[in-house]
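Me: Please take a close look at one part of this structure, the surroundings of the bound molecule. After that, carry on through the rest of the chain at whatever level of detail it allows.

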Amino acid sequence: MNDIKLLFEPRSVAVVGASKDPKKIGHTVVKNILASGYKGKVYPINPAGGDVLGLRAYTDINAIEDDVDMVCTTIPAKFVFDSVKSCADRGVKYNVIITSGFSEIGDIETERKITDYSLSRGMRVVGPNVFGVYSAESHMDATFGPGNILPGSVAIITQSGALGLAMIGKTKVENIGLSSIVSIGNKCDVDEADLLAYLTEQERTKVILMYIEGIKDGPRFIDAVKKATRKKPVVVIKSGRSERGAVAAASHTGSLAGSDEIIDAILKQNGVIRAENIQEAFNWSKYLGNSPPPTGDQAVIITNGGGIGVMATDACEKYEIELYDDGKKLKEMFGPVTPSFGSTKNPIDITGGAASAEYNSALGVALDSKEIGASMALYCETSTFLAADLEKVLEENYNTYLQRRKPLLFAIVGGEDIENAIVKLGRKNVPVYGDVYEAVSCLGKLYWYNRYLRYHSELYEDAQIPVAAITEICKNAIKQDRYFLLAHEAQQIMDLVGIPVPKSFVARNLDEAISCAEKCGYPVVMKIVSKDIIHKSDAGGVALNLEDKGEIIDAYQAIMQSCRAYNPEANIEGVEIAEMLKKDVETIIGARRDNTFGPIIMFGLGGIYVEVMKDVAFRSLPISRREIMNMIKETRSYPLLLGARGEDPKDMDSVVAIIIKLGALISKCTVIADIEINPLMVYEQGEGSKAVDVRILLAKDGVKQ
Ligand code: COA
């Protein structure tokens, strides 16, 4: 496999389809390569020979004597395979196929031929159906984009070419410098994971922004993205939120696990910041690329208006920013720089009369404070503090903060002068926004990413699983052409894995019933066992909540009497003695093998309303203990586990232990496709949890062990 570096830093580039005609893509690509200052060799290729943009045009790749690292293919689809063949035979390392008209319009066959031939000769293919590659490292704009790309530190990988071309223009307007931009189009060979491998290691790239529509190889993608986020922020726009995965709705986990829910969870789990739209993605990429990390967990808001301060406080809650709230210390720090009619409660309200001096003093206090990890300054336009002065104050304070490596950002609201100030300061990379939520979201993502860096753990949880014994149970079901397990089989597996299920025994006489009840522990349920009595309650064959031996004796006699009266012919085998389950918090734990991402786990609020409430969270496996807790905390019903309405907290440790066991079970027993416990009854701390109902579905493709 060729080193991916040669795609971004080729020593020579040939353009197949280079044309004299300025309207043609093959012309623009050569023009952009030359205009961007590429220092390597450039070889236009055109069957007519002659020259293109002052360079000799070669009639074909074999006419070039030197080695060619990269080729850009810009000829009609029907000629591409032959051209690819000659390039691959000639030893070209990367072929960037700009041409459209392959799998995206249904011609999978030709695309496969291109990929197979190229790879058999060691040539890697980018595309087809792409706009090309820009790399600031080699001053090379091998795209048919608008040219004049601003070099910088944000790398963009995009699956949509058109959107990528539009982003080239937009990044320039927003003063976002690019370290590279690549489109991956149909991804017949090179994919996000290959590109991430280079961009993760590249010094110049400080932030990676990706636009993704679909992921082909989930585990490869996860691995690449995980490595990337350890080193730099990765912002992803993943479209197709509404799309539901083609999953069988045989289980709740299956029907709730739409592809987007899973991708969303996996991105989060691996430190990726997911943006809803281009503006968010640009704001976050730019801010995270330029800002130092927070110096502490808590932030401060300084404002000249109460309303905007309240809005910012709400936004901080949404974006999980903790505000410093030690009232006494805040008063000590900000009292001297706040008018008596202002407020030193965070947000610090320096009031509508505040101008340069007041902002400078308050921001200075926040900068010097060890307790405050980041500052936000808000401004509503006033006649006492004009835009021209404001611009200066913001820029100076930002630079001072930058020197002292503490984050600072601004939201300013007002008329034309303010809007102009935002544009002007934006060009200087001063983080100023016209909306409070925009500003807060940037700081929120900075905090989120830095928390991820601090707390992520690769200490994955695992559990011992008796794979052979479990597979045997499953194989027996498959022998009967059954791809689901019966209740007692599922219970056997729970026993083998060590997940508690309600205890139950069959007793053939009263003495046995008493000893079974003692084994179960009171209170117990007693039910008649007879294949001739199906409707047990109708026959008087059920007694609930039996508290002691005396009640067992009474219930046994009553059940026998009424069942014999109900059906004198019935063959009575005995009674079932089962633990009388107390009701408590009903949760659901599911684990399944996702087609793209492999084993995944789900936790949420259980019971009969699972699909109505949809209060579930997903993660991919393997998983760390911290990530298990994050998954649990993500559900809206998490407070129930903490003990709502004065109840004691629930046994979280037992839930975590069961999640670990179920995760290990689905990961190690490939014969199991889907497993779900619903409800998992969670009791008070120290009292554990019980898997009341367990459903296990088997893999149709058989037993792999
Ligand atoms: N080797 C080298 N040059 C060749 C060739 C070959 N085997 N076959 C043809 N050429 C030359 C042609 O002679 C022509 O040069 P000329 O202008 O000097 O005659 C040049 O290559 C281009 O061929 P042409 O037939 O004029 O095609 P085109 O420029 O109109 O279109 C594509 C070619 C690739 C641009 C077009 O097929 C296409 O796919 N467009 C969509 C691209 C796109 O949107 N990609 C995705 C972006 S996100």
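Reply: What follows begins with the ligand and then goes on to the rest of the chain.

This is a predicted model, in which local features need pLDDT of at least 70, side-chain atom pairs count only at pLDDT 80 or more, and totals for chains, interfaces and linings use all residues. Residues are numbered from 1 along each chain as its sequence is written, and side-chain values use heavy atoms, with hydrogens and water left out.

The ligand is surrounded by 21 residues, and the closest are Ser19, Lys24, Asn46, Ile98 and Ser100. A residue is counted here if one of its heavy atoms lies within 4 Å of the molecule. Sorted by class, this shell has twelve nonpolar, eight polar and one charged residues. In that sorting, Ala, Val, Leu, Ile, Met, Phe, Trp, Tyr, Cys and Pro are nonpolar, Asp, Glu, Lys and Arg are charged, and the others, Gly among them, are polar.

Three of the closest residues make polar contacts with the ligand. A polar contact is a pair of N or O atoms within 3.5 Å; within protein, one must be able to donate a hydrogen and the other to accept it, and residues adjacent in sequence count only if both atoms are side-chain atoms. Ser19 uses a polar side-chain atom, 2.7 Å from an oxygen atom of the ligand. Asn46 also uses its side chain, with an N or O atom 2.8 Å from a ligand oxygen atom. Ser100 instead places a polar backbone atom 2.8 Å from an oxygen atom of the ligand. On its own the ligand has 970 Å² of accessible area, and the protein covers 68% of that. Accessible areas come from the Shrake-Rupley method with a 1.4 Å probe, and for residues only the protein chains shown count as cover.

Now the chain as a whole. Its C-alpha trace spans about 105 × 80 × 35 Å along the principal axes. The chain contains 24 helices and 30 strands, taken as DSSP runs numbered from the N terminus (helices: H or I, at least four residues; strands: E, at least two). Of its 705 residues, 55% are buried. Buried means under 20% relative accessible area, exposed over 50%, and partly exposed in between (1.4 Å probe, protein chains only).

Helix α10 can be described in some detail. Its 13 residues, 278–290, reach 18 Å from the first C-alpha to the last, close to the 18 Å expected at 1.5 Å a residue; the expected span is 1.5 Å times one less than the number of residues. At the N-terminal end, Asn277 acts as a cap, with a side-chain oxygen 3.3 Å from the backbone nitrogen of Gln279. An α-helix has 3.6 residues a turn, so residues three or four places apart point the same way. The buried residues of α10 are Glu280, Ala281, Phe282, Asn283, Trp284, Ser285, Lys286, Tyr287 and Leu288. Asn290, also in α10, is partly exposed at 30% relative accessible area. Its C-alpha atom is 24 Å from that of Ala388, 98 residues away along the chain.

Helix α14 (residues 387–403) holds Leu390. Leu390 is buried because its relative accessible area is 1%. The C-alpha atoms of Leu390 and Glu332 are 26 Å apart, with their positions 58 residues apart along the chain.

Several loops have backbone details to check. The peptide bond from Asn346 to Pro347 is cis, with omega near 5°, and Pro347 sits in the loop between α12 (327–334) and β17 (348–349). A cis peptide bond also joins Tyr522 to Pro523, with omega near -5°; Pro523 belongs to the loop between α19 (510–520) and β22 (524–529). Thr351 is not a glycine, yet has a positive phi of about 70°. Thr351 is in the loop between β17 and α13 (356–368), and is buried at 9% relative accessible area. Lys614, likewise not a glycine, has a positive phi of about 45° and lies in the loop between α21 (610–613) and β27 (616–620).

Last, the cysteines. The structure has zero disulfides, a disulfide being a pair of cysteine sulfur atoms within 2.5 Å. For Cys380, the nearest cysteine sulfur belongs to Cys316, 15 Å away; Cys380 is partly exposed at 26% relative accessibility. For Cys516, the nearest is that of Cys520, at 7.1 Å, and Cys516 is buried at 5% relative accessibility.
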